[in-house]
Each structure stands twice: as structure tokens, then as C-alpha cells.
Amino acid sequence: LSLAHARAWLAGSVLLVAAVIFASLLPGDSGPDLGDLDKSGHFLAYAVLATWFGGLFARRWYWGVAIGLALLGIGLEVLQDLVARNRTGDANDVVANLAGVGTGLALALWRTGGWALRMEAWLKRT
């Protein structure tokens with residue numbers, strides 16, 4: 001999308017993705033045991049990412065957003081096995097990630113797509 005504040009949206013995008021990467025690669029013993037909430041966290045993180053990017057890209061590019069986020073989610077699970085202490089990749093986490101991507105993009109198609117343009121228009125009025 002043609003956004004007036006593209007640099008700010010890019011910075012926000014980098015921060016969101018970095019936060020997901022950081023949280024995914026923290027040592028397994030560094031935080032609380034989330035148990036069943038772990039899958040919900042995966043789902044929510046990727047739904048937020050997909051909704052965010054659904055607001056920054058035109059609908060015709062949603063397939064690229066879906067592929068990019070799917071690769072991120074799969075890649076981070078593989079990296080957990082390779083580099084994260086006390087962490088293992090989990091196929092169920094990948095499923096939760098992909099479900100989050102699908103839900104976020106469905107939400108973007110239904111309601112939230114292009115939110116960044118609307119936000120910029122609102123900021124311009126105020």
C-alpha cells in the first residue's frame with residue numbers, strides 16, 4: 001500500500017517480528033511453564049502478525065504474507081531444535097502458528113485489511 005508513514009510501519013513490523021523471534025528462541029527454562037496456554041500464545045502471536053501485515057499490504061499480496069509467516073513459524077520451530085537451550089521444535093506449535101496466520105488473514109479479508117491507510121487518514125484529520 002502507498003503509506004505516508006512507511007518507515008514507521010516498517011519499524012513496527014521489524015519490532016513485532018523481532019519480538020516473536022526473541023520469544024521463540026529464549027531458553028526453555030527462562031520463563032514460566034505455560035502448559036496448554038503455549039499453543040494459544042503461538043496462535044495469538046501469528047494472528048497478530050497476520051492482521052498487522054494485512055493492514056500494510058494490498059489483498060493481492062496476502063498470499064505472500066501467508067507464505068512468509070508460515071516460513072517464519074516453521075523456521076523458528078526448526079531453530080528451536082538446533083540452537084535454543086531446553087527448547088524443542090513442536091509440530092503442534094506449527095499448526096497453532098498456521099492457524100493464527102489463517103485467522104489473521106481471514107480477519108484482514110473480512111474487516112481489518114488496509115487498517116494502516118485508515119489510521120493514516122485519521123491521523124491526517126486530527
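Colleague: Which description fits α1 and α3 in relation to each other, roughly parallel or roughly antiparallel?
Modeller: In this predicted model, helix α1 (residues 6-25) packs against helix α3 (residues 62-82) at an angle of about 30°, and their axes lie 9 Å apart. Since angles under 35 degrees count as roughly parallel, the relation of α1 to α3 is therefore roughly parallel.

Colleague: How many nonpolar residues does the contact of α1 with α3 contain?
Modeller: From α1 the participants are Val17, Val20, Ile21, Ser24 and Leu25, and they meet Leu72, Leu76, Leu79 and Gln80 of α3. When the residues of this contact are divided by class, no charged residue appears and 2 are polar, while the number of nonpolar residues is 7.

Colleague: Which hand does the crossing of α1 and α3 have, left or right?
Modeller: The two helices pack with their axes 9 Å apart, at an angle of about 30°. The crossing that α1 and α3 make is right-handed.

Colleague: Is glutamine 80 buried or exposed?
Modeller: Glutamine 80 belongs to helix α3, and, leaving out residues up to four places away in sequence, it touches Ser24, Leu25, Arg87, Thr88 and Gly89. The limit for a buried residue is under 20% relative accessible area, and glutamine 80, at 1% relative accessibility, therefore counts as buried.

Colleague: What separation is found between the C-alpha atoms of glutamine 80 and serine 2?
Modeller: Glutamine 80 is a residue of helix α3. Along the chain, glutamine 80 and serine 2 are 78 residues apart, and the separation of their C-alpha atoms is 36 Å.

Colleague: Which description fits α3 and α4, roughly parallel or roughly antiparallel?
Modeller: Helix α4 (residues 91-112) packs against α3 with an axis separation of 9 Å and at an angle of about 160°. That angle makes the relation of α3 to α4 roughly antiparallel.

Colleague: How many charged residues does the contact of α3 with α4 contain?
Modeller: On the α3 side are Tyr62, Val65, Ala66, Leu69, Ala70, Gly73, Ile74 and Glu77, which meet Asp93, Val94, Asn97, Leu98, Val101, Leu105, Ala108 and Leu109 on the α4 side. The crossing of these two helices is right-handed. By class, this contact of α3 with α4 has 12 nonpolar and 2 polar residues, and the number of charged residues is 2.

Colleague: What relative accessibility does asparagine 97 have?
Modeller: Asparagine 97 is located in helix α4. Apart from its neighbours within four places in sequence, it is in contact with His42, Tyr46, Gly73 and Glu77. Asparagine 97 counts as buried because its relative accessibility is 2%.

Colleague: How many polar residues does the contact of α2 with α4 have?
Modeller: These helices pack at an angle of about 35°, with their axes 7 Å apart, and their crossing is right-handed. The contact of α2 with α4 includes 10 nonpolar and 3 charged residues, and the number of polar residues is 10.

Colleague: Which helix gives the most residues to the largest nonpolar core?
Modeller: In soluble globular proteins, nonpolar side chains tend to be buried together. The largest nonpolar core here has 19 residues, and those with the most contacts inside it are Trp9, Tyr46, Leu49, Phe53, Leu56 and Leu69. At least two residues of this core come from each of α1, α2 (37-56), α3, α4 and α5 (115-125), but the helix that gives the most, with 6 residues, is α2.

Colleague: Which residues does phenylalanine 53 touch, not counting those up to four places away in sequence?
Modeller: Phe53 is among the residues with the most contacts inside the largest nonpolar core. With residues up to four places away in sequence left out, the residues that phenylalanine 53 touches are Ser13, Val17, Val65 and Leu69.

Colleague: What relative accessible area does isoleucine 67 have?
Modeller: Isoleucine 67 is part of helix α3, and its C-alpha atom is separated by 21 Å from that of tryptophan 115, which lies 48 residues away along the chain. Isoleucine 67 is partly exposed, because its relative accessible area is 45%.

Colleague: What percentage of the residues in the protein chain is buried?
Modeller: The protein chain has 5 helices and 0 strands, and its C-alpha trace spans about 50 × 25 × 20 Å along the principal axes. Among contacts between residues at least 6 apart in sequence, 81% join residues at least 24 apart. Of the 126 residues in the protein chain, the buried share is 34%.

Methods: Residues are numbered from 1 along each chain as its sequence is written. This is a predicted model: local features need pLDDT of at least 70, side-chain atom pairs count only at pLDDT 80 or more; totals for chains, interfaces and linings use all residues. Side-chain values use heavy atoms; hydrogens and water are left out. Axes are lines fitted to C-alpha atoms, for helices over the stretch in contact, and angles run from 0 to 180 degrees between N-to-C directions. Helices (H or I, at least four residues) and strands (E, at least two) are DSSP runs, numbered from the N terminus. Angles under 35 degrees count as roughly parallel, over 145 as roughly antiparallel, 65 to 115 as roughly perpendicular and the rest as oblique. A crossing is left-handed if the near helix is turned anticlockwise from the far one by less than a right angle, and right-handed if clockwise. Contact means heavy atoms within 4.5 Å. Ala, Val, Leu, Ile, Met, Phe, Trp, Tyr, Cys and Pro count as nonpolar, Asp, Glu, Lys and Arg as charged, and the others, Gly among them, as polar. A nonpolar core is a set of buried Ala, Val, Leu, Ile, Met, Phe, Trp, Tyr and Cys residues joined through side-chain atoms within 4.5 Å. Buried means under 20% relative accessible area, exposed over 50%, partly exposed in between (1.4 Å probe, protein chains only).
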